Each structure stands twice: as structure tokens, then as C-alpha cells.
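The following paragraphs lead through a protein–DNA assembly, from the contact between protein chains to the surfaces that face the DNA. The reader is invited to keep the sequence and the coordinates at hand throughout.

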Protein chains: 2
Amino acid sequence: MPSRHRSTAAPVDQVDLSAQLRARGYRLTPQRQLVLEAVQALEHGTPDEVAARVQERAAGVNISTVYRTLELLEELGLVRHSHLGHGAPIYHASTVPDHVHLVCRQCGSIQEVEPGAVDPLVSKLRHDRGFETDVGHLTVFGRCADCAGES
Amino acid sequence: MPSRHRSTAAPVDQVDLSAQLRARGYRLTPQRQLVLEAVQALEHGTPDEVAARVQERAAGVNISTVYRTLELLEELGLVRHSHLGHGAPIYHASTVPDHVHLVCRQCGSIQEVEPGAVDPLVSKLRHDRGFETDVGHLTVFGRCADCAGES
DNA sequence: GTTGGTGCAAAATGTTTGCACGGGG
DNA sequence: CCCCGTGCAAACATTTTGCACCAAC
């Protein structure tokens with residue numbers, strides 16, 4: 001898997017997306033490329049935010065297409081989503097495997113933490129309860145250093 | 001104390017509710033008693049489920065009253081809510097202080113875990129990031145022992 | 001040419017709000 | 001008697017769905 005750069009441009013390149021789609025009988029469309037690219041560029045985005053970003057480039061893309069595409073990309077394993085606060089689903093590219101989200105209640109900032117931080121918890125839950133934790137969806141609420149320091 | 005029916009958790013009795021309300025200039029109403037009682041009895045319930053339970057006893061109670069009352073009770077510190085999957089907010093009585101929720105992706109079951117299980121994580125986040133974790137809202141997704149064993 | 005994908009509009013959910021009436025204090 | 005709390009309906013926000021047309025292959 002040719003993974004290299006991970007900022008602004010296209011980490012999972014179009015070739016890869018095309019192949020992933022074809023393998024399952026789906027078609028490659030500009031909309032799908034744009035949505036994937038938007039998710040990757042945003043790092044964390046709600047469907048609305050993804051749609052907004054996509055529409056910067058292609059005005060006609062409908063929000064329902066974004067929803068359908070996000071669902072498809074998730075099925076393909078190219079994006080994942082978690083739930084941060086209220087009901088807002090947050091999508092992020094799965095180029096970076098699993099990570100835990102830290103969400104600040106006060107300023108709304110989102111940080112990522114390496115999964116290793118929760119290994120003790122995961123082990124304990126497995127041992128005590130036989131519970132297999134899905135680390136990728138774990139979201140921790142609280143207050144970030146900046147906000148905790150202020151008040 | 002007038003605890004009746006099958007609620008396992010010790011209810012915040014009506015006298016207490018009345019006092020809590022009065023102290024802030026709010027009034028005691030049957031609806032508020034019923035909503036609090038429903039939250040306690042359900043252990044974990046969405047607004048819909050709370051409303052359904054309330055309406056078993058008092059048919060006329062409107063869903064919007066349930067929303068307003070849940071908000072009020074949360075303000076009083078008598079109930080808390082977290083977000084489990086999608087956008088469904090789950091309310092629970094705060095008679096049991098803080099606890100972590102384990103949600104099974106497969107069967108939807110909800111378990112509670114004592115906060116001590118996450119102490120190492122909380123310490124680590126505080127130390128590494130200066131992040132103050134809100135343990136009460138922490139929700140861990142994964143598969144419970146039953147479901148993990150089956151597949 | 002097929003068939004799947006998209007845009008559009010409407011429907012389905014879930015939650016909030018404005019308003020007038022009735023009950024709690 | 002005052003005015004908070006409620007029921008009701010409508011407004012809202014978000015996500016899903018039905019359908020006809022268009023584009024990918």
C-alpha cells in the first residue's frame with residue numbers, strides 16, 4: 001500500500017480509490033473522489049462540513065450524495081466515524097488506523113491520542129468483563145489544557 | 001421511604017425532589033416526579049423511552065415536557081446524560097455518581113463500569129496533555145462477552 | 001446500451017420553541 | 001392572585017428515501 005504524505009493532498013490516491021470501488025462493482029465518480037479528499041483534508045468533519053468543502057470545488061454536489069458516499073466509503077473501510085457530543089457524527093480518513101479522540105467540552109477542540117494510552121483500560125475490560133473494546137470509536141470528553149488552565 | 005415498584009437504585013424521593021426544586025424557585029409537579037422516577041427505573045433511557053414510561057402512568061404527558069424536564073433535572077444535578085452511538089442521548093439518574101458505559105455494538109447492551117477502571121487513562125491524559133477527563137460521559141464501544149464469544 | 005449514481009424533493013426522525021390556558025404556590 | 005409549567009402545534013435540524021435523468025463503463 002503506497003502511503004506517504006498525509007497532509008493537504010490525496011493520501012489514498014485516486015488509483016487506490018478506483019481499485020477499491022471496482023473490486024466491489026462500484027463506479028468511480030468525481031463526487032466520490034471529492035468526498036474522500038474532503039474527509040482527508042478536514043481531518044475531522046461532520047457531513048455538513050464535508051459537503052461544504054466538496055461544494056467549494058463542485059457546487060452542484062448534493063448533501064444526500066455526501067451522506068450516501070460517506071456510507072459507501074465507510075463500507076470500503078476508507079473512512080470511519082465516531083460520535084462527538086450531541087449527535088454530530090465526525091468522519092475521518094482511516095489512513096491513520098485507530099486513534100482515540102479527546103474532545104474539549106468548552107472550546108470544542110479535538111485531539112488525537114495514540115491507542116496505546118488506553119491499553120491498560122482495554123486489557124482490564126477484556127480481563128474483567130470479556131469486553132472487546134473498539135478503540136477507534138472511543139471518545140473522551142473533558143477539558144483541554146488551555147481551557148482547564150484558564151478557569 | 002416510599003420506594004415502590006421494581007426500581008433497584010434508591011430513588012431520590014419526592015421530598016428531596018421537592019426541596020431541590022423549591023431551593024431554586026421551581027415548582028413540584030406530577031410530571032417532574034414521573035420523569036425522575038422513569039429515569040431511575042429505566043437505568044438508561046432515551047428521551048423517547050422516558051416519555052413512553054411516563055405515559056404508561058399519565059397518558060397526557062407531552063414529549064416536549066419530557067425534554068424540558070430532563071433538561072431541568074440535569075441542571076439540578078439529579079440526572080445526567082451521555083451519548084451512546086448515533087445521536088441518541090441516554091439519561092440516567094445521578095444517584096449512582098460517575099460511571100463509564102460499555103456499549104455493545106452488536107447486541108446494544110449497556111454495562112456500567114466503576115470509574116476506577118479508567119484511572120490510569122485519566123492520569124496519563126492529564127500528565128501528557130493536561131487534559132481533564134469527564135469520566136461521567138465516557139462511553140466505550142465494542143463487543144460484550146456474549147457477542148465476542150459467539151462469532 | 002446497461003446499470004448504477006446523482007440531484008431534487010419529500011418524508012422520516014429527533015428536538016426545540018411560541019403561545020395560551022390551567023394549576024401550583 | 002400571580003406566574004410558572006404544560007399541552008399543542010409548528011418550526012427546526014438532520015438524515016433517509018423515491019424517482020427520473022444522466023453518466024460510467
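How many residue pairs are in polar contact between chain B and chain A, counting those with both residues at pLDDT 80 or more? In this predicted model, the count is 14 residue pairs. The elements of chain B that each give two or more residues to the side touching chain A are strand 3 (100-104), strand 4 (110-113), helix 5 (119-129), strand 5 (132-133), strand 6 (139-143) and helix 6 (145-150). By class, the residues on this side of chain B divide into 16 nonpolar, ten polar and eight charged.

The extent of the interface can be stated in residues and in area. In chain B, 34 residues are in contact with 34 residues of chain A. The area buried between the two chains is about 2800 Å², and carbon and sulfur atoms give 62% of that area.

Strand pairing also links the chains. Strand 5 (residues 132-133) of chain A pairs with strand 6 of chain B in the antiparallel sense, over two bridges. Within this arrangement, Glu132(A) stands opposite Arg143(B), a residue of strand 6 of chain B.

Charged side chains deserve separate attention. Side chains of opposite charge can pair when their charged atoms come close. Between chain B and chain A, the count is two salt bridges. Arg105(A) and Asp134(B) meet through their side chains in a salt bridge, with an N to O distance of 2.6 Å. Over all chains, a search of the whole structure finds twelve salt bridges. One further example lies within chain A, where Asp134(A) forms a salt bridge with Arg80(A) and the closest N and O atoms are 3.8 Å apart. Asp134(A) lies in the loop between strand 5 and strand 6 (139-143) of chain A, whereas Arg80(A) lies in strand 1 (residues 79-83) of chain A, so the pair ties together parts that are 54 residues apart in sequence.

Attention now turns to the DNA, beginning with strand C. Of the 18 residues around DNA strand C, those that come nearest are Arg27(A), Thr29(A), Thr65(A), Arg27(B) and Tyr67(B). Of the atoms of this strand within 4 Å of the protein, 67% belong to sugar or phosphate, and the rest belong to bases. Individual contacts can be followed in chain A. A polar side-chain atom of Thr29(A) lies 2.8 Å from a phosphate oxygen of DNA strand C, and a polar side-chain atom of Arg32(A) lies 2.9 Å from a phosphate oxygen of this strand. For Gln31(A), an N or O atom in the side chain is 3.0 Å from a sugar or linking oxygen of DNA strand C. The elements that give two or more residues to this surface are helix 2 (30-42) and helix 4 (63-76) of chain A, together with helix 4 (63-76) of chain B. The residues of the surface divide into five nonpolar, seven polar and six charged.

DNA strand D is surrounded by 19 residues, of which the closest are Tyr67(A), Thr29(B), Arg32(B), Thr65(B) and Arg68(B). Sugar and phosphate account for 70% of the atoms of DNA strand D that come within 4 Å of the protein. In chain B, an N or O atom in the side chain of Thr29(B) is 2.9 Å from a phosphate oxygen of DNA strand D. Backbone atoms take part as well: a backbone N or O atom of Arg27(B) lies 3.1 Å from a phosphate oxygen of DNA strand D, and a polar backbone atom of Leu28(A) is 3.1 Å from a phosphate oxygen of this strand. Helix 4 of chain A, together with helix 2 (30-42) and helix 4 of chain B, each supply at least two residues of the surface near DNA strand D. By class, that surface has five nonpolar, seven polar and seven charged residues.

Methods:
Residues are numbered from 1 along each chain as its sequence is written. Chains are lettered from A and ligands numbered from 1 in the order in which they are written. Side-chain values use heavy atoms; hydrogens and water are left out. A residue is near a molecule or strand if one of its heavy atoms lies within 4 Å of it. A polar contact is a pair of N or O atoms within 3.5 Å; within protein, one must be able to donate a hydrogen and the other to accept it, and residues adjacent in sequence count only if both atoms are side-chain atoms. Helices (H or I, at least four residues) and strands (E, at least two) are DSSP runs, numbered from the N terminus. Ala, Val, Leu, Ile, Met, Phe, Trp, Tyr, Cys and Pro count as nonpolar, Asp, Glu, Lys and Arg as charged, and the others, Gly among them, as polar. Contact means heavy atoms within 4.5 Å. Buried area is the accessible area (1.4 Å probe) that two parts lose on being put together, summed over both. A salt bridge is a side-chain nitrogen of Lys or Arg within 4 Å of a carboxyl oxygen of Asp or Glu. Two strands pair if DSSP finds at least two bridges between them.
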